[in-house]
Amino acid sequence: MKTSVFFLFVVVASTILSSCTSEENASFNFMAIGDVPYHLPEDFERFDRMIAQINKDKPAFTLHVGDIKSGHIPCSDEYYEKIKGYFDSFDEALIYTPGDNEWTDCDRESCGSYVPEERLDKLRQLFFSNDFSQGGRPIELLRQNKTEGFEKFAENSTWQKSDVTFGTLHVIGSNNNFDSGKGALNDEFYERELANNFWLISLFEAAKKNNSNGLVLVLHAGLNYNNKDENNGHASFVTLLRQQVQDYDKPVLLLYGDHHRFMVNQPMRDNNGKTLTNFTAVQVFGDNDIHAVKINVSPDNTNLFSIDPFYINGN
């Protein structure tokens, strides 16, 4: 795709995104989880406890940052449908973005020796077939597949809540499904990379046009912010993210999983080595630690976001 066409798409998409209406400027809470359930069948009981305690806390919605199974559980239709049932047992909306374990790694024998792209198609059909989230009270989402040239990418979405722009991006672990081997085609990677980079620019443009108080980005991968190696499947996304954050003067919160350890940090630096103080990354719990992260959003908070672990009793 030529550069001029790419940026024409950006203008069109940002116009569409800016038409999304936001609620009044008010404080609210939401939850973030990911990389669960992993250890079966015992984690189903722990996942039930998590859902029950989140429902009791009554957040505005919950985000699942991907990996709905471990890398050695079969990638069966039956399992995916079971997880969809769990998602719909959240009282409020559940917004999900895929991880690598539910499609990229499904060619492993222990996962059923599936074709990864076929499993990705299944995820799109099951979880992203309409314009609404999962959950008991689903919310309407604007999906990237409404944008000409990106009809495949229903999993990339955006919505507004109390003058904050939210967006999911399909950026995953396992090196973002990029094969650095000699002669590798990487057709799926390059197509999704273009879609993600386009969507990232569109989200920042929408936040600016809407005069949002801040921007929340939701993806799966634990990004390496310093590795610019050509074999790094996240390199172009990170480069673009750094540019966009520096050109945006309001808080940006990135929620991710992948490495299963709750962590809050400010990992991004400018070309002079100074910390980009408007960018905060939060890694959620996962794997053996089935807990959530609670984020309070308040326009009265200079940093907009307050981040706390939300421990699940019994887990």
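How are H6 and H7 oriented to each other, roughly parallel or roughly antiparallel? The answer is given under the second heading, after the sheet on which H6 packs. The model described here is predicted.

## The seven-stranded sheet

Seven strands make up an open sheet, with mixed pairing and the order S5-S6-S7-S8-S9-S11-S10. Its edge strands are S5, at residues 142-143, and S10, at residues 263-265, and each of these pairs on one side only. In general, strands of a sheet pair through backbone hydrogen bonds, either parallel or antiparallel.

Strand S8 covers residues 214-218 and strand S9 covers residues 252-256; the two run parallel and are joined by 4 bridges. Leu-215 has Val-252 of S9 as its bridge partner. Helix H6, residues 187-209, packs on this sheet and touches S5, S6 (157-161), S7 (164-168), S8 and S9. The direction of H6 makes about 155° with that of S8.

## Helices H6 and H7

Helix H7 spans residues 235-246, and it packs with H6 at an angle of about 10°, the axes being 10 Å apart. The two helices are therefore roughly parallel to each other. On the H6 side the contact is made by Glu-193, Asn-196, Asn-197, Leu-200, Ile-201 and Phe-204. On the H7 side it is made by Ser-236, Phe-237, Leu-240, Leu-241, Gln-244 and Val-245. Sorted by class, this contact of H6 with H7 has 7 nonpolar, 4 polar and 1 charged residues.

Ala-206 also lies in H6. With a relative accessibility of 1%, Ala-206 counts as buried. Leu-223 is 17 residues from Ala-206 along the chain, and the C-alpha atoms of the two are separated by 23 Å.

## Helices H2 and H3

A second helix pair is formed by H2, residues 42-57, and H3, which pack at an angle of about 25° with their axes 11 Å apart. That angle makes H2 roughly parallel to H3. From H2, the residues Phe-44, Phe-47, Asp-48 and Ile-51 meet Tyr-79, Lys-82, Tyr-86 and Phe-87 of H3. The contact of H2 with H3 divides into 6 nonpolar and 2 charged residues, with no polar ones.

## Strands S1, S12 and S13

Strand S12, residues 292-297, is joined by 5 bridges to strand S1, residues 28-33, and the two run antiparallel. S12 is also joined to S13, residues 305-310, by 6 bridges, and this pair runs antiparallel.

Val-293 of S12 takes part in the pairing with S1, as the bridge partner of Ala-32. Val-293 also stands opposite Pro-309 in S13.

## The cysteines

The model has 1 disulfide. It is formed by Cys-75 and Cys-106, whose sulfur atoms are 2.0 Å apart. The link of Cys-75 and Cys-106 has -90° about the S-S bond and is left-handed. Cys-75 lies in the loop between S2 (61-64) and H3 (77-87), while Cys-106 lies in the loop between S3 (93-96) and H4 (116-127), so the pair ties together parts that are 31 residues apart in sequence. Cys-75 and Cys-106 are both buried.

Why is Cys-111 not bonded to Cys-75? The sulfur of Cys-111 is 4.3 Å from that of Cys-75, its closest cysteine sulfur, and this is too far for a bond. Cys-111 is buried, at a relative accessible area of 0%.

## Two buried loop residues

Gln-144 is found in the loop between S5 and S6. Its relative accessibility is 0%, so Gln-144 counts as buried. Leaving aside residues up to four places away in sequence, Gln-144 touches Phe-150, Phe-153, Asn-156, Ala-195, Phe-198 and Trp-199.

Phe-128 is found in another loop, between H4 and S4 (134-135). Phe-128 has 4% relative accessibility and therefore counts as buried. Not counting residues up to four places away in sequence, Phe-128 touches Tyr-96, Pro-98, Leu-123, Arg-143, Ala-154 and Glu-155. One of these, Ala-154, is 26 residues from Phe-128 in sequence and 5.8 Å away in space, C-alpha to C-alpha.

Technical notes:
Residues numbered from 1 in each chain as written. Predicted model: local features only at pLDDT ≥ 70, side-chain atom pairs only at ≥ 80, totals over all residues. Heavy atoms only, no water. Pairing = 2+ DSSP bridges. Contact = heavy atoms within 4.5 Å. Axes fitted to C-alpha atoms, helices over the stretch in contact; angles between N-to-C directions. Parallel < 35°, antiparallel > 145°, perpendicular 65-115°, else oblique. Nonpolar A, V, L, I, M, F, W, Y, C, P; charged D, E, K, R; others polar. Disulfide = S-S within 2.5 Å. Buried < 20%, exposed > 50% of the residue type's maximum accessible area, 1.4 Å probe, protein only.
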